[in-house]
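Student: I would like to work through this structure step by step, with each term explained as we meet it.

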Amino acid sequence: MVRHMDILAEEMLELRARDPARYKRLIQEGMLAELGFDIATGSSKMPTVDEVRAKYRPREASYAAIAEAVIAGNRAKVKDLVSASLDQGKDPVDLVTNALMPGIQTQCELYDLGKAFVPEILMSNDAMQGGILLCQQKLGDIPKKGKLATFVAEGDLHDIGKNIVAAILRANGFDVLDLGRDVPTAKVVDAAREHGLQMISGSTLMSTTKAGLKRTAETLEEEGVKVPLACGGAAVSRSFVDTFGNSVYGKSPLDAVKIATEVCSGRDWKEARKALY
Amino acid sequence: MNALGIDVGGTYTDGVLVEMPGRKVLRTAKVPTEKGDLEGSVLRCFSALAVPSPSLLSRFCISTTLATNAMVEGTKKDVCAICIGLVPRRVAEYASETVIVDGGHDAMGLEVRPLDLPKLMDAVARSSKASFAISARFGARNPEHEVAASEAVLGARPGATVVRGSDLTGTLGMEERLFLAAKNAELVHVMKGLIRAIGAVTRVPDTSIFVLKGDGSLVSTEEAALRPIMTVLSGPAASTTGGAVLAGARDALVVDIGGTTTDIALLEGGRVRLSEEGALVGGARLRVPSADITTLALGGDTEIFCEDGRPRLGRRAVRPLCLAPDAPRQMRDRSFLFPVSGKESGITPTDLFRAEGRSGFGDGKVAVSALAALADECGVPIGELFAVLDEVIRTRLLMALTTALTGRVASEGGEAEALLRGGRLFRPVLSIDVPIVGIGAPVRPFLDLLAGRVSCEIIVPEHHEVGNAVGAVCTGVLGRRELTVRCEPRLVQGEEVISYHVTTGDGHRVFADRDEAVAFAIERAGEELRDYMERSRVRRYGTRVEVRDITYSEWGERKVAGTVVSVTAEES
């Protein structure tokens, strides 16, 4: 689009007179672009840190304080606040679901957006576990949403991603059995049988070991263990996971939570794929 | 040349004599099916047709519920299950004896442990069974242990029936394949008996007799006796093909309305659309190809009753009053108006259509007085009762049509139903791109209800009442073999080495070169198909080879996970 500069300038002046607010925003965006900021991805779609925090922040002040302490990863403070709330006669289950969980959910979503980092998730999880422990003492056992396992494919020693997935799944109320890294297929299948698992999450960072995920998913199917495999990791793509059955692909740790929620509510891998893809 | 088709259904056995290759219907017959006497039903239908010279028939095609019934009713479980390399969990449900031996392969098709033949032979020698079902761990990836075991069993017991799981299906799930093999082994004798009896009495030569499979294609008697499980649910496939043939359509939504149920199936390009998951029979999922059908409880015998002063359409089937021999006795008290348990006769759509004057089937006086009694009980004029009942039946049909077309089940009484039913000021019209073809005896008054509510053509062809039998005879032999060349990476001294694995009917080969592997797969698939077509006594057929890569992206690069070679042969 090539136009005469005079006409363009005229239109700009007209716009300033008609819609000053829009004019101002356009000028600001232009300046930002000049300075090298990425406007398209920064402002319009991705929620900001404050928006994410506001989305999960509990209404009640004491609950909001607990959530903030979880986000800050301050275990001692979380324990103090939770025990104070329990002394006031608050319901332990309500505390877990409406004060502690929103904290970790905020942190997980921030991680997905690239606004939080692995150590922060681990610290928040630790802080939350401190609070959950107190609630459990009050209540007995808090019902789990499902029994899962996590592992890293055979031949691969990179387990940081798996640790995050395990932490986030635990944070979301699942009972997670961590099988570790460099895990052969047979060990996964045995664990699924022995512990009556509902879903297994497998990951790998190396393209040379990704075939291990495929073999594990197929062996589970062959042996009649009806446990779907949630696959993820840097070397794993959705199109790769689609080349074999009994599997669902997840890109982020929160995807693992979504898959687990689908599977633990009784869906099989095909239905889970349909619901999530 | 004439061809004969017989379809043994749950209520009626239909027969049709067709002039080939013009597919002109010469004679039709309909006799009631005697439960538990399939042979008798086929033979009575055969004699009702009075076939001029049975030995000159070009083809005698049978679609039977034999396998389906055996699956639903459960059988003697007189089978010895041989499991290689894996312990099955619910084997007692389908086999009376279990032998578990070492062996089996891994997901790549490589041997995990050698087959323990001595232990197997020892167990077989002690077994009293005459039928054996064999399934090995990853037998679908490498059947060599299954083949070796079946040869060993046949060597020791030459007369035995031996069925291998991986021979029937290539899907994963060792126990599912074992279950399929066990059911197949049981059916072998039953199917052989039926074919022998039919051949002996009708004097049709064995070589002209064909049996319909669940995917709508025909198989020879040898093949049917070898893999009878494949004939499960052939009825829906027959009715769909038959409807389309009679209507002269290659794409159609075929609605088959019988006494108790309505089956809806989609025909695409002259072929029945198959279910992705395999047949669902008697609550068990069988990994055999079968038509993808939507079934609903609506037929000529569906119960209509009064509940809370309102007319209702139920789900169970009762005998229509207008067809009951003792209707006056049944109608002596008003219990026939209510959903009493164990009642034999009642008001049905058949009575409704008779009373409305839209069909001439049954005793008109009985139908009118029965419907008048219902109107009285519900406190509405008879005209309004007719309108309400028509509405209810129409809505149930429309719901089923949308289910068949979308693959989603809408809940009864939900918003979708309210929308489909319409109201005083609006009536939704379904715009469907293919014609609706109706078959089955009571179909016409049912489909008349759809007039104005669907935009497509509604065809109720001539001879629609024997559509199933037409479908059985107007189809051909179809062979299909699919071999997959799987790329299996392995790490050798830190380097990724890819080998190409091909699983064939009786073994497994590993190649270092992909082209070589694909060429081998094409050749083997062709050979296996030639065998199949020869066994099916088809001399002239066209073959089509398709090679398709399964790919995925990695770091932005296209990579191949496997190559599917599928060879199809169709009778010409």
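The questions below move from chain B as a whole to its contacts and its sheets.

Tutor: This is a predicted model, in which local features need pLDDT of at least 70 and side-chain atom pairs count only at pLDDT 80 or more, while totals for chains, interfaces and linings use all residues. Residues are numbered from 1 along each chain as its sequence is written, and chains are lettered from A and ligands numbered from 1 in the order in which they are written.

Student: How many helices and strands does chain B have?
Tutor: Helices (H or I, at least four residues) and strands (E, at least two) are DSSP runs, numbered from the N terminus. Taken this way, the secondary structure of chain B comes to 16 helices and 27 strands.

Student: Which radius of gyration does chain B have, and why does it agree with a compact globule?
Tutor: The radius of gyration is taken over C-alpha atoms, and the globule rule is 2.2 Å times the number of residues to the power 0.38. For 572 residues a compact globule would have a value near 25 Å, which agrees with the value for chain B, namely 27 Å.

Student: What percentage of the residues in chain B is buried?
Tutor: A residue is buried if 20 or more other C-beta atoms, placed from the backbone, lie within 10 Å of its own, exposed if 12 or fewer do, and partly exposed in between. Of the 572 residues in chain B, the buried ones make up 48%.

Student: Which element gives the most to the side of chain B that touches chain A?
Tutor: Two residues are in contact if their C-beta atoms, placed from the backbone, lie within 7 Å, and this contact takes 17 residues from chain B and 17 residues from chain A. On the side of chain B, α6 (174–202), β23 (478–492) and β26 (541–554) each supply at least two residues. With four residues, the element that gives the most is β26(B).

Student: How many nonpolar residues are on that side of chain B?
Tutor: Ala, Val, Leu, Ile, Met, Phe, Trp, Tyr, Cys and Pro count as nonpolar, Asp, Glu, Lys and Arg as charged, and the others, Gly among them, as polar. The side of chain B that touches chain A has two polar and five charged residues, and its nonpolar residues number 10.

Student: Which are the edge strands of the open sheet β6-β5-β7-β8 in chain B?
Tutor: Two strands pair if DSSP finds at least two bridges between them, and in this open sheet of four strands the pairing is parallel. Inside it, β5 (residues 80–84) and β7 (residues 131–136) of chain B pair over five bridges, with C80(B) opposite F132(B). The strands that pair on one side only are β6 (97–101) and β8 (161–164) of chain B.

Student: At what angle to β7(B) does helix α4 of chain B run?
Tutor: Axes are lines fitted to C-alpha atoms, for helices over the stretch in contact, and angles run from 0 to 180 degrees between N-to-C directions. Helix α4 (residues 144–156) of chain B lies across β5, β7 and β8 of chain B, and its angle to β7(B) is about 160°.

Student: Which residue in the turn between β17(B) and β18(B) has a positive phi?
Tutor: Strands β17 (residues 302–307) and β18 (residues 310–317) of chain B pair in the antiparallel sense over five bridges, and I304(B) stands opposite L313(B). The two strands form a hairpin with two residues between them, and the residue in the turn with a positive phi, about 50°, is D308(B).
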